[in-house]
Amino acid sequence: MQEVKLQFDKSMDDYRMKEAFKTLRTNIEFCGGDVKVIALTSCTPNEGKSSIAMEMARAFAEAGYRTILIDADMRKSVLVGRYRTGAVKSGLTHCLAGRAGYQDVICETNVENLHVIFSGPVPPNPSELLGGEKFTSIVQIIRSKYDFVIIDTPPLGSVIDAAVAAKSCDGAVLVVECNAVSYKFVQHVKEQLDKANSRILGAVLNKVDMNGKGYYGHYGKYYGKYYGKYYGRYGEDNPGTAKRETGKAAPVCVKGGAKAPKPESGGDIEYIEDI
């Protein structure tokens, strides 16, 4: 087993941040004992999905649960460069390609009860690897050894990888950046998860301005900008230049501690449930 040291942004230790992730953890616990493998995705890049996945995994580990975070965002991983200190020789790609066993790609961290599998080098066929029997069998083995398995997947509005990976999970959590994507775009992503028969556990509203009117901004303002810019192009740019995903605002579990933004098109946001 590899060993790495994780370094966390000090802003994540803010009291409101800690409480938000404790709320998220508690709501997932109430989803039922059969929910152990959880996929996280978003509509577009830079909504904070990977940071939410890491902090969520840390929250479960700090509560005493044996937890593992799997970085399945093999096209454009940010976890290695952002959190780890120390060499990582093998990752998920090596395991799925048959070049390493699952035990060889697991990293023991300096956070008690928390292990991580980093993505590894970018493969030419990430969707095929995540949809193959190898990935399914690895997830089944790992779920028997851990209390919770958190899987960070690519944005579903950009590539189909998340829906493919979600088939091997017990449920999915959708991360939505406040005032950045439209109701229709979120519905589109929700439909992709439905087609994969993935149970949607709920959503996390991220990058909320806790000091202003962050919950009620123009929720559809950037729909065309984001949809046109990222759809079908995810992972083409240099992963090393990826924009930092989370701001200083605490992530909020929608209907688990904060009000959902009102969609411009009217009606309820049907996919959002208590997590």
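Start by selecting Arg 25, which sits in helix α1, the run covering residues 15-29. Keep in mind as you click around that this is a predicted model. Arg 25 is buried but has no salt bridge. Look for the nearest side chain of opposite charge and you'll land on Glu 29, 4.2 Å away. A salt bridge needs the nitrogen within 4 Å of a carboxyl oxygen, so Arg 25 and Glu 29, at 4.2 Å, don't make the list. What does Arg 25 touch, leaving aside its neighbours within four places in sequence? Show Ala 59, Phe 60 and Ala 63, and you have its contacts.

Stay on helix α1 and pick Glu 19 and Lys 22. Their side chains do meet in a salt bridge, at 3.8 Å from N to O. The two are three residues apart in the helix, which means about one helical turn separates them. Glu 19 is partly exposed, at 31% relative accessibility, and Lys 22 also counts as partly exposed, at 38%.

Next, colour strand β10, residues 200-206. Is this strand enclosed or open? Seven of its seven residues are buried, so the rest of the structure largely encloses it. Now add strand β9, residues 171-177: it pairs with β10 in the parallel sense, over six bridges. For one of the partnerships, select Val 176 and look across to Leu 205 in β10. Then follow the backbone: from β9 the chain runs through α9 and on to β10, making a right-handed β-α-β crossover.

While you're here, show the side chains of Glu 177 and Lys 207, which form a salt bridge at 3.9 Å, N to O. Glu 177 belongs to strand β9, while Lys 207 is in the loop between β10 and α10 (223-230), so the pair ties together parts that are 30 residues apart in sequence. Glu 177 is buried, with a relative accessible area of 13%.

Now move to the helix of that crossover. Helix α9 spans residues 183-195, and Gln 192 is one of its residues. Gln 192 is buried, because its relative accessibility is 16% and the cut-off for buried is under 20%. Which residues does Gln 192 touch, not counting those up to four places away in sequence? Select Leu 156, Ile 160 and Ala 163 to see them.

Also in α9, pick Lys 190 and Asp 194. They make a salt bridge at 2.9 Å, N to O, and, being four residues apart in the helix, they are separated by about one helical turn. Here the two ends differ in setting: Lys 190 is buried at 15% relative accessible area, whereas Asp 194 is partly exposed at 33%.

For a salt-bridge network, select Lys 49, Asp 73 and Asp 152 together; they are linked. A search of the whole structure finds nine salt bridges.

Then hop to Asn 125, in the loop between β7 (114-117) and α6 (126-130). Asn 125 is partly exposed, at 29% relative accessible area. Draw a C-alpha to C-alpha distance to Arg 75 and you get 9.4 Å, although the two are 50 residues apart in sequence.

Finish by colouring by pLDDT. The chain averages 78, and 75% of the residues score at least 70. Two stretches to pick out are residues 214-231, where pLDDT stays under 50, and residues 238-275, where it is below 50. Where pLDDT is low, the predicted coordinates should not be read in detail.

Conventions
Residues are numbered from 1 along each chain as its sequence is written. This is a predicted model: local features need pLDDT of at least 70, side-chain atom pairs count only at pLDDT 80 or more; totals for chains, interfaces and linings use all residues. Side-chain values use heavy atoms; hydrogens and water are left out. Buried means under 20% relative accessible area, exposed over 50%, partly exposed in between (1.4 Å probe, protein chains only). Contact means heavy atoms within 4.5 Å. Lys and Arg count as positive and Asp and Glu as negative; His and the chain ends are not counted. Two strands pair if DSSP finds at least two bridges between them. A crossover is right-handed if, with the strands pointing away from the viewer, the path from the first strand over the helix to the second runs clockwise. pLDDT is the predictor's confidence in each residue, from 0 to 100.
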